[in-house]
Amino acid sequence: MAKRVYQDWKGSNNFILGGRLIFGPDGRTLLVTFSLIVVPVIIFCIFVARHLRHQFSSHNAGYAILVVAIVFTIYVLVLLLLTSARDPGIIPRNSHPPEEDIRYDSSLSVEIGGRQTPTLQFPRTKDVIVNGIPVKVKYCDTCMLYRPPRCSHCSICNNCVERFDHHCPWVGQCIGLRNYRYFFMFVSSSTLLCIYVFAISAFYIKVLMDDDQGTVWKAMKKSPASIILMAYCFISLWFVGGLTGFHLYLMGTNQTTYENFRYRSDNRVNVHDRGCFGNFFEVFCTEIKPSKNNFRAFVREEVQRPSLPVMRATDIEDRSMDRRAKVEDDLDIGEDLLKISQRRNIEELEEDIRSRGSSGPPHNTSEVDSYIGIGSDFRAPTIRSEARHSSWDRRSGSWDTGTEVPSIPTVTEHRGNIAQN
């Protein structure tokens, strides 16, 4: 059966639900992130929010604390799923290098079969125009394409990702063009959730101090879960809160994490900057481009395009050897025909001498033998020379070997001349 795209995927991604969800190779860390969010919220709901249901003037107003915590947690988990389980902007690989950019470098030639063959070269960079300013883009050897501006190859997922920001191990996915918005909303929402849990836990400690008219230590002993949640949220705020502030700066200047860390010291002009308002509008208010990959589609077998025949040195040598063997075979056949024709001429000559022996003048046997020897020696080079100088037919690609031999009357005429002498 034909395979689907996700089954024949060249990257390091993991797919579930028949290619509907895509994760990075470290997608299992998503379970750790999930537990770091859900477990504290469960502790909060059981040991803190449940005791605050009746602490307000309206008898059932305290339920809002529990409902808000649950709804906010579900919202954060949905953003986490949208960040880690969708295509971040992967550019499909090419099955062959771009032919329009192929160049042959004769200076770097390789000797093949005794001949110098130019090597195939690809320019490593290419200039494109972005907002009227030329920008260099690099060629990716793995994906066999020139990366678009702001695109980079992720070494973990083994894919080229548009507007590559970074690979986040906590979500198990690359952060790129199609999930950056959800990533920022996930980080900022997690920050707000930490602040919410920290604030309600501190409020519960205050409620315990007011009810028992005791000190902070007594309240902490009565609800140790509140203290644990406050410490956990305080530590988490240093991470998710700091990450939120950093990405607010990146969005305001229209940078990516990759660009900020790599080109910070180069003092390059940011050709993508549209102003603070325009940069935030680009992130939050523009339509997310559809994926360039249909992971559930069937793999199409690429039709092999006809290529021009390339004559190699070994092919030329083989063809020349074939021609040489053909010529030698033709010469051998010519020599065989020569021998047969000589034998036939001599036999006919002897018969002719016997038939005329009674009427004609007598001839010496030695003279006849010498004559036969002279004739054979004289004719052999002539016939051999004609066989050796056969012409090469360029149209048919073969030798034309002459098979005709001198007729018997010619030999008889020579015999008559000898007899008269």
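Q: Is Phe47 buried, partly exposed or exposed, and how is that class read?
A: The class follows from relative accessible area, with buried under 20% and exposed over 50%. In this predicted model, Phe47 has 43% relative accessibility, so Phe47 counts as partly exposed. Phe47 belongs to helix α1, residues 29-47.

Q: Which residues make a nonpolar surface patch with Phe47?
A: Val39, Ile42, Ile43 and Ile46 join Phe47 in a patch of about 410 Å².

Q: Which residues does UniProt list for "transmembrane region", and how helical are such spans here?
A: The unreviewed UniProt entry lists residues 30-49, 61-83, 182-205 and 225-250. In the model, residues 61-83 are 91% helix and 0% strand, with end C-alpha atoms 34 Å apart. Residues 182-205 are 100% helix and 0% strand, and their end C-alpha atoms also lie 34 Å apart.

Q: How many salt bridges does the structure hold, and how is one recognised?
A: A salt bridge requires a side-chain nitrogen of Lys or Arg within 4 Å of a carboxyl oxygen of Asp or Glu. The structure holds 6. One of them pairs Asp141 with Arg124, with the closest N and O atoms 2.9 Å apart. This pair links distant parts of the chain, 17 residues apart: Asp141 is in the loop between β6 and β7, and Arg124 is in the loop between β4 and β5.

Q: Where do Lys206 and Asp210 lie?
A: Both are in helix α3 (residues 180-212), 4 residues apart, about one turn of the helix. Their side chains meet in a salt bridge at 2.8 Å, N to O.

Q: What are the exposure classes of Arg274 and Glu282, which meet in a salt bridge?
A: Arg274, at 58% relative accessibility, counts as exposed, whereas Glu282, at 23%, is partly exposed. Their N to O distance is 3.9 Å.

How values were computed: Residues are numbered from 1 along each chain as its sequence is written. This is a predicted model: local features need pLDDT of at least 70, side-chain atom pairs count only at pLDDT 80 or more; totals for chains, interfaces and linings use all residues. Side-chain values use heavy atoms; hydrogens and water are left out. UniProt positions are given in the numbering used here, feature names are shortened, and annotations may be inferred rather than shown by experiment. Helices (H or I, at least four residues) and strands (E, at least two) are DSSP runs, numbered from the N terminus. Patches are made of residues with over 30% relative accessible area and no salt bridge: like charges are joined within 9 Å, nonpolar side chains (Val, Leu, Ile, Met, Phe, Trp, Tyr) within 5 Å. Accessible areas come from the Shrake-Rupley method with a 1.4 Å probe; for residues, only the protein chains shown count as cover. Buried means under 20% relative accessible area, exposed over 50%, partly exposed in between (1.4 Å probe, protein chains only).
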